[in-house]
Amino acid sequence: MIFVLLKFCSAQDTLSASTSKRYSEHLSLLGPFKEGQILEQWELSERASLKPDSVRIVPALPQSSGQIWNRNPVYYQDWQVVFKVRITGTKDLGADGIAFWYTSLKQEPGPVYGSADHWKGLGVFLDTFNNDGRGPPSVILAVVNDGTLSYKHGEDGFGQSIGSCSARLRNTVEPVEVTVQYSNKILTVSTLDPKTQQAKVCFPPQPVQLPIKGHFGFTSSTGALFDNHDLISVETFHLTSFKGNEEMSIKQREGSSLLQKAQNSQLQMAQSIENLESSVRSSLELYRNQQERHHSERLQKILLLLQKTIREQKAQDDKASLKTFKSLHKQVNSFSTSLSEFRSLLWDRLLGIKKISANYSKRKKNFLNLSFVSLILIGGMD
Ligand code: MAN
Ligand code: CA
């Protein structure tokens, strides 16, 4: 239900011809926004706020920080995130920049661009202030941390990055566009040249090991110096590639593409359930501080989501999942009739959905293992 786009990519995308990419709506962020609006898929904290065309992660105030984290874990092994930022200030110098994160957990606020140190996963930092006076005035650098590294902010992460490049980041005519790609365990960071519209790799692609089911986030902080740090858009893609596809026979190719489709459908299923769970959870939050009208609207949304999911599962003729979704549907339907018992019932349902979700995760894992083995058997992978 989430994948909208399927296309084979061009060479300038730094993807091989045997890689397909699909747009992932729930991991993306596009305006326009209304001030005070609650975003379904993203949560804002500290100084982060919505502007009509962007998320102001942190405003031009000294000693401040802000964060925006996606609410969903990333189920994809291979992904590509394209984000646009605008960093503006009225002074000659501004600070401190924006971090893009893919970490095992949503991080708490902290000292690394407004996010906690000792993270597990990847940080790509758009550093706008040269703290130790070494090197270029502003840089993009990637730092992988297994939880043991303590980031050296005062030395701009000197000796800690897996790669970096000098980049103009403040008061640019066009927003700064960065692409972070993790495919076949290779990390590629590139920027878009606003003049030529060509992608430029920031440093040679690096092999890295990132945690599974991580979270995407963007954080920012200021110190004695400050800037407005705006996140304009995030577009996330799920990448799938067939290794050695060129040498495969037509039969093999059909086989692995079928498996890939099945795999995607399992991932979508698990994702749907996660989405449902977070819908139910936020309904609970709404219940506490808003009126009944919200409950029914919210419930209606959940029902629509369920119905849509069921329709899609029906199309895939997956009997087992259809049954699960049907029972889920029944459960939600039944509690919609009794709004007064909303809260207590909802807790029950939430637990139920959690169970189902765990069950699906297990199924998904088995399925992925199976697919992997089958791919090896049909010679689709090394
Ligand atoms: C101060 C400190 C630093 C920060 C700079 C620039 O020196 O808060 O951490 O990098 O200001 O804002
Ligand atoms: Ca710095």
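Here is a short walk through this predicted model, from its sheet to its cores and then to its ligand.

Let's begin with the sheet. Seven strands form an open sheet, and reading across it gives the order 4-7-18-9-11-12-13, with antiparallel pairing. At the edges you will find strand 4 (42–46) and strand 13 (163–166); each has a single partner strand, so one side of each is left without a neighbour in the sheet. On average, neighbouring strands here are turned by 15 degrees against each other, direction ignored. As background, strands of a sheet pair through backbone hydrogen bonds, either parallel or antiparallel.

Now look at one end of that order. Strand 12, residues 139–146, runs antiparallel to strand 13, and 4 bridges join the two. If you want a place to see the pairing, find Leu-141, which stands opposite Ser-164 in strand 13.

Next to Leu-141 in the sequence is Ile-140, and this residue takes us into the interior. Along with Ala-99 and Val-124, Ile-140 is among the residues with the most contacts inside the largest nonpolar core, which has 51 residues. Leaving aside residues up to four places away in sequence, Ile-140 touches Val-124, Phe-125, Leu-126, Ser-164, Cys-165, Ala-167, Val-178, Val-189, Thr-191 and Cys-202. A second core, separate from this one, has 5 residues, including Leu-276, Ile-302, Leu-306 and Ile-353.

Finally, turn to ligand 1. The residues around ligand 1 are Ala-95, Asp-96, Phe-129, Asn-131, His-153, Thr-222, Gly-223, Ala-224 and Leu-225. Sorted by class, this shell holds 4 nonpolar, 4 polar and 1 charged residues.

Terms used
Residues are numbered from 1 along each chain as its sequence is written. Chains are lettered from A and ligands numbered from 1 in the order in which they are written. This is a predicted model: local features need pLDDT of at least 70, side-chain atom pairs count only at pLDDT 80 or more; totals for chains, interfaces and linings use all residues. A nonpolar core is a set of buried Ala, Val, Leu, Ile, Met, Phe, Trp, Tyr and Cys residues joined through C-beta atoms within 7 Å. A residue is buried if 20 or more other C-beta atoms lie within 10 Å of its own, exposed if 12 or fewer, and partly exposed in between; C-beta atoms are placed from the backbone. Two residues are in contact if their C-beta atoms, placed from the backbone, lie within 7 Å. A residue is near a molecule or strand if its C-beta atom, placed from the backbone, lies within 6 Å of it. Ala, Val, Leu, Ile, Met, Phe, Trp, Tyr, Cys and Pro count as nonpolar, Asp, Glu, Lys and Arg as charged, and the others, Gly among them, as polar. Two strands pair if DSSP finds at least two bridges between them. Helices (H or I, at least four residues) and strands (E, at least two) are DSSP runs, numbered from the N terminus. Axes are lines fitted to C-alpha atoms, for helices over the stretch in contact, and angles run from 0 to 180 degrees between N-to-C directions.
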